[in-house]
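Grab a coffee and open the model in your viewer. Let's work through a few exercises on how its pieces fit together.

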Amino acid sequence: MEQSAANNVPGVPHPFEQGQMLLIDKPLDWTSFDVVRKLRRLVRTKKVGHAGTLDPLATGLLILCTGKYTKKINDYMAQEKEYTGMVTLGAVTPTYDLESMPEQEKEYAHASPELVDALIAERFLGEIWQTPPIHSAIKKDGIRVYELARQGKEVKLDPRRVTIKAFEITDFRLPVISFRVVCSTGTYIRSLANDLGAALGCGGYLSKLRRTRIGDFSVEQALSIEEAEAYIKNVFEGG
């Protein structure tokens with residue numbers, strides 16, 4: 001990748017050190033830090049961060065900030081989030097998603113759209129208490145709790161107050177329930193799936209997740225990794 005002449009002239013600012021926001025559609029099986037690491041190399045500055053982690057098995061909108069724009073990360077993180085996804089009923093997993101194997105299988109035939117809608121209205125809308133998964137990046141005594149969980153150590157996390165503004169079922173084909181959720185920052189959709197399964201008495205885990213919106217930014221505006229690479233190359237070449 002060739003640098004433009006401007007990037008070799010003393011006193012001319014580096015385009016990404018000055019600060020830019022990049023909307024990225026995170027691919028499946030990439031960690032959020034994988035995306036940061038990739039973009040950090042492309043934009044040639046170490047000052048790159050993201051505004052809200054997506055798990056490896058989730059796809060969708062990731063806001064990245066470079067240079068001076070990293071000061072805005074907390075503002076973006078605080079904004080409302082929207083997700084679509086699937087909950088599979090009839091089993092649970094230790095991670096609340098498919099990063100671990102389903103276990104403790106139970107009958108789920110009693111679940112119906114009417115029962116699920118009633119439970120959502122009663123327990124999963126508005127301000128609710130939610131306990132984060134022990135397989136998460138939350139720190140306890142300075143250590144990521146997923147590291148403790150992987151070591152087989154007992155981890156106890158306190159419930160947190162989150163706000164679920166919308167939780168609607170978009171398709172119902174047992175054992176899979178498709179959904180759309182609008183929520184506050186700090187909400188774990190994996191916990192929502194696990195808790196819904198528990199409320200139904202049959203267990204459930206998150207089998208698919210896509211973040212579609214952060215505040216006013218939509219995944220439809222986001223670039224794929226390949227598109228981001230082409231865009232960054234164009235910036236450096238002065239296009």
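Below are three exercises, each with a worked solution.

A quick note before you start: this is a predicted model, where local features need pLDDT of at least 70, side-chain atom pairs count only at pLDDT 80 or more, and totals for chains, interfaces and linings use all residues. Residues are numbered from 1 along each chain as its sequence is written, and side-chain values use heavy atoms, with hydrogens and water left out.

**Exercise 1.** Work out which residues make the contact between α3 and α5.

*Solution.* Start with the helices (DSSP runs of H or I, at least four residues, numbered from the N terminus). Here α3 covers residues 113–123 and α5 covers residues 189–200. Next, list the contacts (heavy atoms within 4.5 Å). From α3 come Leu115, Val116, Leu119, Ile120 and Arg123, and from α5 come Leu196, Ala199 and Leu200.

**Exercise 2.** Find which element gives the most to the largest nonpolar core.

*Solution.* A nonpolar core is a set of buried Ala, Val, Leu, Ile, Met, Phe, Trp, Tyr and Cys residues joined through side-chain atoms within 4.5 Å; buried means under 20% relative accessible area (1.4 Å probe, protein chains only). The largest one has 26 residues, and Ile164 and Phe167 are among those with the most contacts inside it. The top contributor is α5, with five residues.

**Exercise 3.** Say how many bridges join β4 to β10, and in which direction they run.

*Solution.* Strands are DSSP runs of E, at least two residues, and two of them pair if DSSP finds at least two bridges between them. Nine bridges link β4 and β10, which run antiparallel. To check one, find methionine 86: its bridge partner in β10 is lysine 208.

Conventions:
Axes are lines fitted to C-alpha atoms, for helices over the stretch in contact, and angles run from 0 to 180 degrees between N-to-C directions. Buried means under 20% relative accessible area, exposed over 50%, partly exposed in between (1.4 Å probe, protein chains only).
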